[in-house]
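Subject: Handover of a structure and its findings

Dear colleague,

Please find below the structure that I am handing over to you. I should be grateful if you would read the notes after it with the coordinates open.

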Amino acid sequence: MTTLRLLLVEDSPLDAELTLSALERGGYHALAHVVDNEADFANRLDAAMLDDRLDLILADFVLPSFSGTEALSIARARAPDVPFIFVSGVLGEEHAVDMLKRGATDYVLKQRLTRLPAVVARALNERATRLERIRIERTLHETETHFRLLVDALRDYAVMTLDAQGCVRTWNAASERILGYTAAEVIGQSAKIFFSREDIEAGAFERELDEARRLGSSADDRWLWRKDGQSFFAAGTTTAIRNDGSQTQGADTLLGFSKIIRDATQERVAADALRLAKEQAETANRAKDHFLAVLSHELRTPLTPILAAVRLIEMKGPLPDGVNSTLDVIRRNVELEARLIDDLLDLTSIARGKLSLNFRSVSLDEVLGSALDMSVSDIHAKGLHLSTAFDVDGTRISGDAARLQQIIWNLVRNAVKFTASGGRIEIRVFKPDPKSVSVVVSDTGIGINAEALPRIFSAFEQADDSISKGFGGLGLGLAIASTLAQKHGGTLSAHSDGRGHGARFTLTLPVLDDVSATASPERGPDAEPNPLQSLRVLLVEDNAYTSSAMADLLEALGHNVSVADTVHRAVLLAADHPFDLLISDIGLPDGSGLDVMREWARLQRGVPGLAVTGYGMDEDVRRCREAGFADHLTKPVNMDRLEAALRAIARQVATQQTGGLP
């Protein structure tokens, strides 16, 4: 049973009862107010509408003091959505049609009250449908209004809709502010009017729509043009708008596009400035690298003929008293100058993260021996007493042998430098625990103040100004040694009881276990006696002094030397004569020693090449290796290392000539 809130206009109690009975038989429980005059009808109607508690109005057509026509007028004015049905015994068809035109919902003759429940049901259904449609339309209107207000409130985003051909259909307030056009000026215009002439000719707008059509959306950042002719960089997104295909029972169809644009000029300018600054910084870094490489080459090159000449003089037999000591002074100072250059380049590589290490299994004994060999002449020259205590033998560590030797040599050189003649230097090696080894270098030198200890490993730092004035140096050795220790997974620490009490430096490194130590041992120096094999050497060097000194030295060592001072001359000689070895500078007037090595590999297959050059940065070493050089010797050339390389190559040549027999 459906409850029905009813206002019944009827002057006959019997007819009212029959009407309500007909509704009840039709399934309606009527909560009815019966009125028979205009005042009561109006009051009841107003009260019901205030509470929204009225479902239906039924009215007789003829009443003694009040007509159905008047009731209909009042009802349509005050309750337009409430169904109004005439229930009358005298309503002719002509009047019925007239009442329907005036707004009546339907009519039922009293002689046919059985039709009333069906008519009421239809009226109530129509009302419910109509109210739902009104509710939906109101909600849609509110949503559209809210969306429009929201879009207009987006001050930084131009939001527009386009039809399927790309013409503007809607235009928010920010669009006018950003692009300068009023809605009247752009509605119906193609959105390509914002594009530059070049983009229009290139079909950029059409490609943007096509991508959105195919992929759903298209992000397109480009320079657009305002109405006043000013350009701005727009970050934009174009999105395809489609229906869901449910009403057409087919594939969805393209309705148009939404296009959102944001003025990103400031971000673009900042990004361009950042990119330009980065490019300028990279250019500056490349220029700095080139400058350092050239500076290194120019500083090193004059030192090589000096060392070569010293070695040549020593080889020519007994020398007058005092000459050997003079030659030692020359050699030590040249080596010191080269060390300062190396320190500056190492510090630059460390600062830029370009210091490369070649890790392998290294014998600590051999590293210590090499470092002491480099320092022994300086120790003897100052009359220092050296004592060693190597409590461990055969210890192997993972590292770069040359860099580890550099650390220890720096520590020993430091001790020699700051210890007065007749002082003592002690080198001790021990294992503080099973997984590490420590090398301690102690001296009885000038010591270090407590306030200077925290900065002793900082670049360009020395204990005080008197140190640099009295002993020289740039304050780089310990900074580089500390960084190298860290890169080997170790530590370097310093201790001193103060000025005049000496100093102690401790290098601690992780050791390899027995399995690791035996898996890839480093090959020690060949114990074979030096062969007497004479080599045919092509020396490529454009500096006349270096070329002359190096050629004289090589010939004094028993080798046959041909000299070229250009890439062109070197290639001609390599094409016409067999050689056993190439020794080449890198910087040449008509090219590079790398060019020589590449041609050499083609013309003299299997014959090794040594790079002897003033370019000594890690990147230079890498390029030489990649070009095919077997080794890279940095000027000024360490003569012992050069002679060791020559002996090794001479052994190879001798082995090849004897078919591999000893």
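The notes below begin with the whole chain and then turn to two sheets, one helix and one peptide bond.

Please bear in mind throughout that this is a predicted model. The protein has 662 residues, of which 40% count as buried. Its secondary structure comes to 22 helices and 24 strands. Among contacts with a separation of 6 or more, 66% are between residues 24 or more positions apart.

The antiparallel sheet

One open sheet is formed by five strands with antiparallel pairing, in the order β7-β6-β10-β9-β8. Its edges are β7 (168-171) and β8 (217-225); each has a single partner strand, so one side of each is left without a neighbour in the sheet. From one strand to the next, the twist averages 25°. Within this sheet, β6 (residues 157-163) and β10 (residues 254-263) pair in the antiparallel sense over seven bridges. Asp163 stands opposite Gly256 of β10. Helix α9 (residues 204-215) lies across β6, β8, β9 (231-242) and β10, and runs at about 160° to β8.

The parallel sheet

Five strands also form an open sheet with parallel pairing, in the order β19-β18-β20-β23-β24. Here β19 (560-564) and β24 occupy the edges, and each has a single partner strand, so one side of each lacks a neighbour in the sheet. The twist averages 20° from one strand to the next. Helix α18 (residues 544-556) lies across β18 (536-540), β19 and β20 (581-584), running at about 165° to β19.

At the other end of the strand order, β23 (residues 609-613) pairs with β24 in the parallel sense over four bridges. Ala611 has His632 of β24 as its bridge partner, and Val612 stands opposite Leu633 in β24. Together with helix α21 (residues 618-627), β23 and β24 make a right-handed β-α-β unit.

Helix α20

Helix α20 spans residues 593-603, and its buried residues are Gly593, Leu594, Val596, Met597 and Trp600. Viewed down the axis of α20, these buried residues fall within an arc of 155°, so they line one face of the helix. Ser592 caps the N-terminal end of α20, with a side-chain oxygen 3.0 Å from the backbone nitrogen of Leu594.

The cis peptide bond

Most peptide bonds are trans. The bond that joins Lys635 and Pro636, however, is cis, with omega about -5°. Pro636 is found in the loop between β24 (631-634) and α22 (639-657).

Is Pro636 buried or exposed? Its relative accessible area is 10%, and buried means under 20%, so Pro636 is buried. Leaving aside residues up to four places away in sequence, Pro636 touches Arg300, Leu303, Thr304, Leu307, Val334 and Ala338. The C-alpha atoms of Pro636 and Thr613 are separated by 8.2 Å, and these two residues are 23 residues apart along the chain.

For your inspection of the model, the loop holding Pro636 may be viewed together with β24, an edge strand of the parallel sheet.

With kind regards

Definitions and conventions:
Residues are numbered from 1 along each chain as its sequence is written. This is a predicted model: local features need pLDDT of at least 70, side-chain atom pairs count only at pLDDT 80 or more; totals for chains, interfaces and linings use all residues. Side-chain values use heavy atoms; hydrogens and water are left out. Buried means under 20% relative accessible area, exposed over 50%, partly exposed in between (1.4 Å probe, protein chains only). Helices (H or I, at least four residues) and strands (E, at least two) are DSSP runs, numbered from the N terminus. The arc is that of the directions from the helix axis to the C-beta atoms. A polar contact is a pair of N or O atoms within 3.5 Å; within protein, one must be able to donate a hydrogen and the other to accept it, and residues adjacent in sequence count only if both atoms are side-chain atoms. Contact means heavy atoms within 4.5 Å. Two strands pair if DSSP finds at least two bridges between them. A crossover is right-handed if, with the strands pointing away from the viewer, the path from the first strand over the helix to the second runs clockwise. Axes are lines fitted to C-alpha atoms, for helices over the stretch in contact, and angles run from 0 to 180 degrees between N-to-C directions.
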